[in-house]
Amino acid sequence: MKIKIFEAVEMGKLLEKLSKMPIDVQISYKFAKISLSLKNDIDFYQNQYIKYLKEFGLQNEEGFVLNEQKNIKIIPGKEEECRNNFSKLNSIEIEIPDIYFTLDELKGLKFSISDMKILTPFIKEPLRGE
């Protein structure tokens, strides 16, 4: 299965949250397999993200300069290059094992709508008539 690297990062955050919950062994095993398959890609993403922050983030002697929304300000004149680099990073496609869940498997767990958006590529439901 192919997913975008930013989806892998979001899945990693969800898996971290789920790792603290008791889960059925079969579902837990699937989540663990997904987590292991995402590790290198998430590490790569985080390293690139930090590299871009250091390259494009406006800094002073105290560290990064923040705007009113508490986001790091970008060096003036570098906004477009920064946006392009992050866009390219987020659009990288990665290959992960075909591991899927059914809604029945997940019915004992509680997920937010945001969580379900992250899980959607990993959910496979039978087509009508199957």
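**Entry 1: D115**

I looked up D115 first and found it in helix α5; helices are DSSP runs of H or I with at least four residues, strands are runs of E with at least two, and both are numbered from the N terminus. The model is predicted, so I kept to its rules: local features need pLDDT of at least 70, side-chain atom pairs count only at pLDDT 80 or more, and totals for chains, interfaces and linings use all residues. Residues are numbered from 1 along each chain as its sequence is written, and side-chain values use heavy atoms, with hydrogens and water left out.

Is D115 buried or exposed? I noted D115 as buried, because its relative accessibility is 8%. The cut-offs are under 20% relative accessible area for buried, over 50% for exposed, and partly exposed in between, with a 1.4 Å probe and protein chains only. With neighbours within four places in sequence left aside, D115 is in contact with L14 and K17, where contact means heavy atoms within 4.5 Å.

**Entry 2: the largest nonpolar core**

I then turned to the largest nonpolar core, which has 30 residues. Such a core is a set of buried Ala, Val, Leu, Ile, Met, Phe, Trp, Tyr and Cys residues joined through side-chain atoms within 4.5 Å. The members that touch the most other members are I3, M11, F31, I34, L38, L106 and F122. Helices α1 (5-18), α2 (25-56), α3 (79-90) and α5 (113-119) each supply at least two residues of this core. The largest share, eight residues, comes from α2. In soluble globular proteins, nonpolar side chains tend to be buried together.

I followed I34 further. Apart from its neighbours within four places in sequence, I34 is in contact with M11, L15, I99, F101 and F122.

**Entry 3: α1 against α2**

Two packed helices are described by the angle between their axes and the distance between the axes. For α1 and α2 I recorded an angle of about 130° and axes 9 Å apart. That angle makes α1 oblique to α2. Axes are lines fitted to C-alpha atoms, for helices over the stretch in contact, and angles run from 0 to 180 degrees between N-to-C directions. Angles under 35 degrees count as roughly parallel, over 145 as roughly antiparallel, 65 to 115 as roughly perpendicular, and the rest as oblique.

Which residues meet here? From α1 they are I5, A8, V9, M11, G12, L15 and L18, and from α2 they are F31, I34, S35, L38, D41, I42, F44 and Y45. I split the residues of this contact into twelve nonpolar, two polar and one charged. In that split, Ala, Val, Leu, Ile, Met, Phe, Trp, Tyr, Cys and Pro count as nonpolar, Asp, Glu, Lys and Arg as charged, and the others, Gly among them, as polar.

G12 of helix α1 has a relative accessible area of 21%, so I logged G12 as partly exposed. Beyond four places in sequence, G12 is in contact with L38 and I42. The C-alpha atoms of G12 and K39 are separated by 8.1 Å, with their positions 27 residues apart along the chain counted as their separation.

**Entry 4: α2 against α3, and Y45**

The axes of α2 and α3 come within 11 Å and cross at roughly 180°. The two helices are therefore roughly antiparallel to each other. In this contact α2 supplies F44, Y45, Q48, Y49, Y52, L53, E55 and F56, and α3 supplies E81, C82, N85, F86, L89 and N90. The residues divide into nine nonpolar, three polar and two charged.

I also checked Y45, which is found in helix α2. Y45 counts as buried because its relative accessibility is 10%. Not counting residues up to four places away in sequence, Y45 touches I5, V9, L89 and N90. Y45 and V9 are 36 residues apart along the chain, and their C-alpha atoms are separated by 7.8 Å.

**Entry 5: two loop residues**

L58 has its place in the loop between α2 and β2 (59-60). L58 counts as partly exposed because its relative accessibility is 28%. Its contacts, leaving out residues up to four places away in sequence, are G63, F64, V65, I72, K73, I74, I75 and P76. The C-alpha atoms of L58 and I72 are separated by 7.1 Å, and the two residues are 14 apart along the chain.

K70 is in the loop between β3 (63-64) and α3. K70 is not a glycine, yet I noted a positive phi of about 70°. At 65% relative accessibility, K70 counts as exposed.
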